[in-house]
Amino acid sequence: MFKLKQTLQKLFLLIVIIQLANCKNKDCHEDGTCAAEFYRIRINEEVRSYIWSKPGSYWIYKNTATNELDTQVCTAFAFDSVVKRGTENHTKHITIEYDRIRRYIQSSYNQWVYYDRTSENTPNGSSFNNGRTILIREVGGEGSIYPFFYQFNIGDIDGNGSSYTTYKGMDATLTIQGKNYTNVARFDIDSDDIWYPDDHPIQTRYPNALYYWAKDVGLVKRENKSENYSWELIEQNIIK
């Protein structure tokens, strides 16, 4: 009987040791018990200088092939912050507050309304805190593209599944229609979903396009590489 009691005591002790070891090695991400974390994700001044425009701002573009004009007017603009908390076990302890920009731009040429918005963030994503900001441009019923993103790392690519954008580099100075612009970021879009409407011939509906963004101005040139012509800025008034 004494030996049986000793055996049971040893067995019980072994079970306790194993349980303690399991508790010690258990990752808090598995059971949602990690200490709370908070991150503030801002849209920095560098990004704002390219895409910030209050209502009443306008850009007038000239078609280099036909000399037609397109006046684009910012009709609405919003800047605010959103708070989100993780919803999965490994992210429930994470709360983020991130900035966002939204604006509407009305085109006189095609009567489209461009809806520009910066990308959303979620603690459930693996890259929410990497400092990356993506501008998404949508046209209702036509499609969407990523014509601008930050950080400016040559060769970086972003996309939405049907269209992919590559950052090609920065021109310190670029002359367009006789005017000089500085710090012009170039983005190559393999298939521009919002260049032509759906009734355009399918063969050329989604051209390879190059978008040029100038600091403190915005979009200064939209080049149709597939058909060798551009819309180029000739006049603007940006309200900050």
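**Core, strands and aromatic contacts**

Beyond its neighbours within four places in sequence, Phe152 is in contact with six residues named here: Glu46, Tyr50, Tyr167, Met170, Ala185 and Phe187. The model is predicted. Phe152 also belongs to the largest nonpolar core, which holds 47 residues. Within that core, the residues that touch the most other members are Ile51, Phe148, Phe152, Tyr181, Phe187, Trp213 and Val220. Strand E11, residues 209-214, supplies six core residues, the largest share. A second core is separate and has six residues. Ile41, Val82, Ile94 and Phe128 are among them. In soluble globular proteins, nonpolar side chains tend to be buried together.

The protein chain as a whole contains three helices and 13 strands. Of its 240 residues, 40% are buried. Contacts between residues at least 6 apart in sequence were also examined, and 52% of them join residues at least 24 apart. The exposed surface of the chain is about 12,900 Å². Carbon and sulfur atoms supply 51% of that area.

Aromatic rings form 17 pairs. One of these joins Tyr150 and Phe152. The geometry of this pair is edge-to-face, with 5.1 Å centre to centre and 80° between the planes. Tyr150 has a relative accessibility of 18%, so this residue counts as buried. Ring pairs also link a cluster made up of Tyr50, Phe148, Phe149, Tyr150, Phe152, Tyr167, Phe187 and Trp213. Several of these names recur in the largest core: Phe148, Phe152, Phe187 and Trp213 are listed there too.

Two arginines place a charged end over an aromatic ring. For Arg137, the ring is that of Tyr114, and the distance to the ring centre is 4.7 Å. For Arg222, the ring belongs to Trp195, and the distance is 3.9 Å.

Thr133 lies in strand E6, which spans residues 133-139. The relative accessible area of Thr133 is 9%, below the 20% limit, and Thr133 is therefore buried. Away from its neighbours within four places in sequence, Thr133 is in contact with Ile43, Val47, Thr118, Ser119, Phe149 and Tyr150. Phe149 and Tyr150 are both members of the aromatic cluster.

Strand E2 covers residues 58-63 and pairs with strand E3, residues 69-85. The two strands run antiparallel and are joined by five bridges. Tyr58 has Val73 of E3 as its bridge partner. Five residues lie between the strands of this hairpin. Asn67 takes a positive phi there, near 70°. E2 also pairs with strand E13, residues 229-237. This pairing is antiparallel as well, with six bridges. Lys62 stands opposite Glu232 of E13.

Gln236 is also placed in E13. Its relative accessibility is 27%, so Gln236 counts as partly exposed. Leaving out neighbours within four places in sequence, Gln236 is in contact with Tyr58, Trp59, Lys179, Tyr181 and Val217. Tyr58 is the residue whose bridge partner in E3 is Val73. Tyr181 is one of the core residues that touch the most other members. Gly218 is 18 residues away from Gln236 along the chain, and the C-alpha atoms of the two are separated by 9.5 Å.

Technical notes
Residues numbered from 1 in each chain as written. Heavy atoms only, no water. Pairing = 2+ DSSP bridges. Helix = DSSP H or I, 4+ residues; strand = E, 2+ residues; numbered from the N terminus. Core = buried A, V, L, I, M, F, W, Y, C linked by side-chain atoms within 4.5 Å. Buried < 20%, exposed > 50% of the residue type's maximum accessible area, 1.4 Å probe, protein only. Contact = heavy atoms within 4.5 Å. Areas by Shrake-Rupley, 256 points an atom, 1.4 Å probe, with all protein chains shown as cover. Phe/Tyr/Trp six-rings, centres within 6.5 Å; stacked < 30°, edge-to-face > 60°. Lys NZ or Arg CZ within 6 Å of the ring centre and 35° of its normal.
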